Amino acid sequence: MGGSHIFSPSEKRNQIGQTHCSMGVYTYGENFVESFPFATDDKVGVLLLNLGGPETLHDVQPFLFNLFADPDIIRLPRLFRFLQQPLAKLISVIRAPKSKEGYAAIGGGSPLRKITDEQATALKMALEAKDVHVNVYVGMRYWHPFTEEAIQQIKRDQITRLVVLPLYPQYSISTTGSSIRVLESMFRQDAYLSRLPVSIIQSWYQREGYIKSMSNLIEKELEKFSKPEEVMIFFSAHGVPVSYVEDAGDPYKDQMEECIYLIMQELKARGIENDHTLAYQSRVGPVEWLKPYTDKVLVQLGQKGVKSLLAVPISFVSEHIETLEEIDMEYKELALESGIENWGRVPALGCTSSFITDLADAVLEAMPSAKAMSSPTIIHDKSDDDPFRYLTKMFFGSILAFALLLSPKMILAFRNHLF
């Protein structure tokens with residue numbers, strides 16, 4: 001997968017159609033300790049990585065605990081990482097009631113596992129159509145089937161070559177990065193896994209098949225409006241805290257903006273020149289997240305007189321709570337209240353045939369580069385190297401920790417749920 005490289009805007013716009021296995025956060029390069037030739041008798045596995053989601057309302061609180069216990073989601077200073085699980089417990093208990101309302105509104109649970117399983121089946125069929133026979137596995141980060149469970153099945157099946165395909169088009173520390181960290185830990189500790197040739201596709205937002213598939217869906221939904229040319233194309237991406245980008249070097253924002261550029265260029269080539277904008281959704285907590293925020297922009301667009309809007313969930317390839325409830329219910333209601341009269345929403349790619357075919361091509365392209373993994377070089381949080389920033393984080397981390405632990409609401413939560 002070679003060394004890492006951050007593309008400049010001009011460089012990135014020449015990269016359409018390629019798959020990038022390293023985008024500046026994880027770099028393997030010389031850390032690959034052994035190379036294996038690609039043999040036709042290899043038993044090939046493909047591991048699809050995804051977030052996971054609670055399948056019942058009873059699953060919501062433990063799912064949230066798993067989410068917030070991840071140090072790539074709540075990034076505490078080193079001295080306060082002992083608070084990771086207590087904070088995760090408290091936050092999950094506090095947030096569970098509202099989250100349950102959201103999941104109840106979409107049928108009582110997340111459809112993500114079902115859709116991801118369907119994508120796995122479709123990918124296996126697409127590869128078989130190319131005369132490539134593989135086992136496809138699904139590994140979720142925060143709910144069943146966990147990544148760890150998938151890896152154990154890969155061992156039992158005696159896979160001899162593995163392609164890891166995160167179902168996140170753009171790389172972020174909090175998504176692909178978190179899942180890869182789990183894989184690295186498991187591979188380091190296991191003799192079989194440490195010698196298994198692996199190729200990790202870390203981002204694929206620039207692939208031509210993906211860009212065209214997204215453009216096809218947008219074009220189709222635009223045609224449903226009475227005046228398609230007047231529709232604002234509204235890209236809504238999942239947000240991340242600003243500190244991920246500025247302090248930890250997360251390439252997510254750059255990749256997202258490049259992704260939007262490529263899609264709009266493809267639409268322009270088809271004669272579609274609608275106005276468009278990008279905003280970020282799903283922020284939580286008191287910290288600053290990537291701006292502009294989806295809810296704020298929807299209100300502003302209504303105030304500016306925009307009457308027709310097509311929402312495009314750009315960082316999601318499967319329907320789940322953030323498309324079915326947050327966008328389809330909360331943001332649609334907000335948009336209509338703000339003066340937008342005509343609302344549309346592009347569906348997630350799901351098992352769209354052109355999308356699945358392109359994923360199959362990405363897997364085929366990645367297979368020959370599979371190599372055994374050793375400990376990678378990881379770009380760590382740069383703020384830890386700055387004494388002033390580090391002390392600032394420690395100070396505010398202490399205040400946050402004590403505020404959370406000693407607040408009446410938290411004490412009540414502990415009393416009701418833990419004792």
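1. Serine 99 touches Val60, Leu64 and Ile321, leaving aside residues up to four places away in sequence. The model is a predicted one, and the points below should be read with that in mind. Serine 99 lies in helix α3. At 13% relative accessibility, serine 99 counts as buried, because the cut-off for buried is under 20%.

2. Arginine 95 is found in the helix that holds serine 99, namely α3, which spans residues 84-105. Is arginine 95 buried, partly exposed or exposed? Its relative accessible area is 33%, so arginine 95 is partly exposed. Its contacts, not counting residues up to four places away in sequence, are Leu64, Phe68 and Val284. Leu64 is therefore touched by arginine 95 and is also touched by serine 99. Between the C-alpha atoms of arginine 95 and valine 60 there are 9.4 Å, although the two residues stand 35 apart along the chain.

3. Several of these partners belong to helix α2, residues 60-68. The buried residues of α2 are Val60, Gln61, Phe63, Leu64, Leu67 and Phe68. Why can they be said to line one face of the helix? Seen down the axis of α2, they fall within an arc of 160°, so they share one face. What do the buried residues of α2 pack against? They pack against α3, and the contacts of serine 99 with Val60 and Leu64 fit this picture.

4. The next point is a sheet. An open sheet of four strands has the order β8-β7-β9-β10, and the pairing is parallel. Which strands are at the edges? They are β8 (276-281) and β10 (342-345), each of which pairs on one side only. From one strand to the next, the twist averages 25°.

5. Within this sheet, strand β7 (residues 232-238) runs parallel to β8 and is joined to it by six bridges. Phenylalanine 234 stands opposite threonine 277 in β8. As a general point, side chains in a regular strand alternate between the two faces of the sheet.

6. Aspartate 275 is placed in the loop between α10 (252-269) and β8. Is aspartate 275 buried or exposed? It counts as exposed, because its relative accessibility is 55% and the cut-off for exposed is over 50%. Aspartate 275 still has contacts beyond its sequence neighbours: it touches Val231, Met232 and Ile233, not counting residues up to four places away in sequence. The C-alpha atoms of aspartate 275 and valine 231 are separated by 7.4 Å, while the residues are 44 apart along the chain.

7. Two helices can be described by how they meet the sheet. Helix α8 (residues 208-222) lies across β7, β9 (308-313) and β10. The angle between α8 and β9 is about 155°. Helix α11 (residues 294-303) has as its buried residues Thr294, Val297, Leu298, Leu301 and Gly302. They cover an arc of only 140° around the axis, so they sit on the same side of α11. These buried residues pack against β7, β8, β9, α12 (321-337) and β10. After α11 comes glycine 305, whose phi is positive, near 95°.

8. A second pair of strands deserves a remark. Strand β3 (residues 44-50) and β4 run parallel and are joined by seven bridges. Valine 44 has valine 134 as its bridge partner in β4. How much of β4 (residues 134-140) is covered? Six of its seven residues are buried, so the strand is mostly covered.

9. On cysteines, a general reminder comes first: a disulfide is a covalent bond between the sulfur atoms of two cysteines. How many disulfides are counted here? The count comes to zero, with sulfur atoms required to be within 2.5 Å. Cysteine 259 is buried, with a relative accessible area of 0%. Cysteine 351 is partly exposed, at 38%.

10. Finally, the whole protein. It has 15 helices and 12 strands. Of its 419 residues, 54% count as buried. Among contacts between residues at least 6 apart in sequence, 81% join residues at least 24 apart. The accessible surface comes to about 18600 Å², and 55% of that belongs to carbon and sulfur atoms.

Methods: Residues are numbered from 1 along each chain as its sequence is written. This is a predicted model: local features need pLDDT of at least 70, side-chain atom pairs count only at pLDDT 80 or more; totals for chains, interfaces and linings use all residues. Side-chain values use heavy atoms; hydrogens and water are left out. Helices (H or I, at least four residues) and strands (E, at least two) are DSSP runs, numbered from the N terminus. Buried means under 20% relative accessible area, exposed over 50%, partly exposed in between (1.4 Å probe, protein chains only). Contact means heavy atoms within 4.5 Å. Two strands pair if DSSP finds at least two bridges between them. Axes are lines fitted to C-alpha atoms, for helices over the stretch in contact, and angles run from 0 to 180 degrees between N-to-C directions. The arc is that of the directions from the helix axis to the C-beta atoms. Accessible areas come from the Shrake-Rupley method with a 1.4 Å probe; for residues, only the protein chains shown count as cover.
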